[in-house]
Amino acid sequence: MTKTLTRSADLYAAGREALLHEPPGGDPGKLTLVKAQGSLVWDDTGKEYIDCTAQAWSNNLGANDPRVIEAAIEQTRQITHARPTFHTPALLELAALMVRIAPESLDRVGFTLHGSMAVEMALKLAMRNRPDATHIAVLHDGYHGRSITTMAASWPHPGNVFGSMQPRFLRLPRPDRYRPRLGLTPEQDTETTLAVIRDMLVKGVDGPVAALIYEPIQGNGGHNAFSARWHEEIRSICDEFGIMLIIDEVQTGLGRTGRMWASEYYGIEPDVLVFGKGVGGGFPLAGVLAKQRYAKFLAGDDQLTFGQFPISIAAGLAAVKAVIDDNLCATAEEHGAYASERLLEMQRRHPLIGEVRSPGLMVSIELVRDRITKEPATVEAHQVFRKAQERGVILGESRYANLGSLIKIKPPLDISRELLARALDVLDQVLGEVESEHGMAAS
């Protein structure tokens, strides 16, 4: 029997209960967004929010930029779908543009619709180039997506029941600059970790390693950055052992760090670079950039019906052009410096703030219950998130299922200074409230 629902409230309630990814009865705390413009979003009650997540770090260019919207509309009028055995003008133009702005020597590009599939494209490319290899390496606390394969390549999923279908990855340790091992300094921890990795590759691996994939700044796993020494030596290790170096820039690419690519910011030379999120201007788009000598795909190796979706491609072309034309890399650097300065000042007053992290507008704070023990303040971090949202500011969290202790400030790169300042003011207020509720004395 077909149910007839007339009121919007009834339709929304029925929709919440029907959504497969929601808890039974729906998630009452989840906002229903109805409009977005720039760094602002509005819910179905008309309430306005400053979005400091850029919708999962995807709107590097502010939401609904008219250049992107008009490009998508025009493409819709011309042709909405072309299978991957055909080209479209926007596809060819975007391919040429991505190669032009890519780090040096990355002169081939492939497209798909989201980051997980782009990572899988890179992994396929690694295996095609090293058919004798039996391993692909990842780092502890890395995150590369939610497909069956990329979930296995990421930090261990709680309650994982998919293991029997997942590939096995060689998990390598990473240095921890905030919580170094065994009382070491951050520099000593980096050297120790590099030595352990080399030792594992020599003595602990039963077969060749096709590739190492890692994020230049770990995102979902907890804004973990690495020193220039680390990046330099990892490149040397990959060269020594014949390992393809894949840099996952789904979060860090397209201006987020103050440079077009974090690889440029840190001086990394990737063999393959994975991009996504910000490239689509709010539309689903991702892909890989690769060195010419690794472009060895055979027919059918990597081909998806909607992998080169013309509307996403056209929107992405407009978005990338806008990032360049508006000089948003420089804007991200300036906003990031301002946000970091504000947060460092807050750190002197708020005991919850253990560390302030950047670069560019990839900004976060690690919350701790004690600055000496550095115990992660996971409960408190979620309380800060909830209180800020109630006041009209959407902040980011790390990991998921309330397992992280970070608060992230990663708005669109073209956010106004006024909105960024207002968002930081709200964060300042709610940090004080949470500290008071937990008996933490402000400095």
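This passage describes one sheet and the largest pocket of a predicted model. Residues are numbered from 1 along each chain as its sequence is written. Local features need pLDDT of at least 70, side-chain atom pairs count only at pLDDT 80 or more, and totals for chains, interfaces and linings use all residues, while side-chain values use heavy atoms, without hydrogens and water.

Four strands make up an open sheet with mixed pairing, in the order S1-S2-S3-S15. Strands (E, at least two residues) and helices (H or I, at least four) are DSSP runs numbered from the N terminus; two strands pair if DSSP finds at least two bridges between them. S1 (33–37) and S15 (393–394) are the edge strands; each has a single partner, so one side of each lacks a neighbour in the sheet. Helix H13 (residues 417–437) packs on the sheet and touches S2, S3 and S15 (contact: heavy atoms within 4.5 Å). S2 (residues 40–43) and S3 (residues 48–51) run antiparallel, joined by three bridges. Val41 lies opposite Tyr49 in S3.

The largest pocket holds about 1,300 Å³ of space. A pocket is an open set of points on a 1 Å grid over the protein atoms alone where a 1.4 Å probe fits, with protein on both sides within 12 Å along at least five of seven lines; lining residues have an atom within 4 Å of a point. Its volume is the space filled by probe spheres set on the points, which are joined across faces, edges and corners. The lining of the largest pocket comprises 35 residues; Lys30, Ala56, Phe385, Glu397 and Tyr400 lie nearest the centre. H12 gives the largest share, four residues.

How values were computed
Axes fitted to C-alpha atoms, helices over the stretch in contact; angles between N-to-C directions.
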